[in-house]
Amino acid sequence: MGEETSPDTAAAKFSHRHQPELKDLLSVSDLECSLCIRMFFEPVTTPCGHTFCKECLERSLDHRPNCPLCKQSLREYLKAGKYNPTLLLMEIMAATFPAQLADRKRVHEAEMAELSNLSKNIPIFVCTMSFPGIPCPLHVFEPRYRLMMRRCQETGTKMFGMCMYENGKSFADYGCMLEIQRMEFLPDGRSLVDTIGRRRFRVLRRGHRDGYNTADIEYLEDEKVEGEELAELQRLHECTYQQAQQFCEHGDATLRQILLHRGPLPEKEEDIQATKDGPAWCWWLISILPLDPSDQLRLFATTSLRARLTQLKHILTGILQGREYGHHLADLSTRGRI
Ligand SMILES: [Zn+2]
Ligand SMILES: [Zn+2]
């Protein structure tokens, strides 16, 4: 009897040959998330034992702090905010369906790339007027905006568009990109988001994605001038800045409150045409002046620094000549709530 016919070895070979492999026991549908009906991506398992893609579970928890399958409360789980990946499941997926897993990753990457585009289909937060260089603190509690903020973080852009509401349209034709600087998640899923205004844009086309507004946009850029025109612009700039200083120095109690909260008038910039949105102090001033939203929007939309300064000069002259304005100044300490 040779080794090959030894009963033990034969039995071992037999059983090895007929040992069903994991991938024969499983089908891809066993590895599907019940929320997106696709193969799990970054699966997490809740304390009640149910497994979902991390993103799918988070979106469900934006609406209700319960397990989407068994309805058990996940309030404490949400509060802890720790979504540890289900490693064994990830290993099983990699071992059994590597090709499908690679496809799933590619789909996710394509989605992330699409969400990272900052001119096509950008997320639009419809709330308030915001301005280049000016901080804009937000209190986020609507599920659609929780999703938007999370996506801005996950894609790494940390940017979204802010437009104010406009009657008859879903939002105004002009807006400002906001960059997330700090985000604090509250235990119940709401968040406090500190942002700062970046570039201005014009809306070309409106759209929707997963419950929030989106837009195709083009960025605005101040037209540059030179020669005698520039010299004249510099004189106008100098003169308007002096008026802005006077306005800040001679303000009433309301204005003093605002200055305390917002900080002083920003310094002049050496090159007034250095940035695409013009001097930062203009935006600071526009953000605190008692203006009608339509006037604010007009100042915002112009790409002529000369036009912006001329209008500001006109407004400041009116105020400095003694027109009452204090009661028009909004309470700027309030966070934009949405
Ligand atoms: Zn899913
Ligand atoms: Zn459950």
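**Exercise 1.** Find the closest cysteine sulfur to that of Cys176, and explain why the two form no bond.

*Solution.* The sulfur of Cys176 has its closest cysteine sulfur in Cys136, and because 8.5 Å separates them, they are too far apart for a bond. The structure as a whole holds zero disulfides, a disulfide being a pair of cysteine sulfur atoms within 2.5 Å. This is a predicted model, in which local features need pLDDT of at least 70 and side-chain atom pairs pLDDT 80 or more, while totals for chains, interfaces and linings use all residues. Residues are numbered from 1 along each chain as its sequence is written, chains are lettered from A and ligands numbered from 1 in written order, and side-chain values use heavy atoms, without hydrogens and water.

**Exercise 2.** Determine whether Cys176 and Cys248 are buried or exposed.

*Solution.* With buried meaning under 20% relative accessible area, exposed over 50% and partly exposed in between (1.4 Å probe, protein chains only), Cys176 is buried at 0%, and Cys248 is buried at 15%.

**Exercise 3.** Work out how the buried residues of helix α9 are arranged, and what they pack against.

*Solution.* Helix α9 (a DSSP run of H or I, at least four residues, numbered from the N terminus) spans residues 253–262, where Leu255, Ile258 and Leu259 are buried. Seen down the axis, these buried residues fall within an arc of 100 degrees (taken from the directions from the axis to the C-beta atoms), so they line one face of the helix. The face turned away carries the exposed residues Arg256, Gln257 and Leu260. Finally, the buried residues pack against α8 (227–249) and α10 (280–288), contact meaning heavy atoms within 4.5 Å.

How values were computed
Helices (H or I, at least four residues) and strands (E, at least two) are DSSP runs, numbered from the N terminus.
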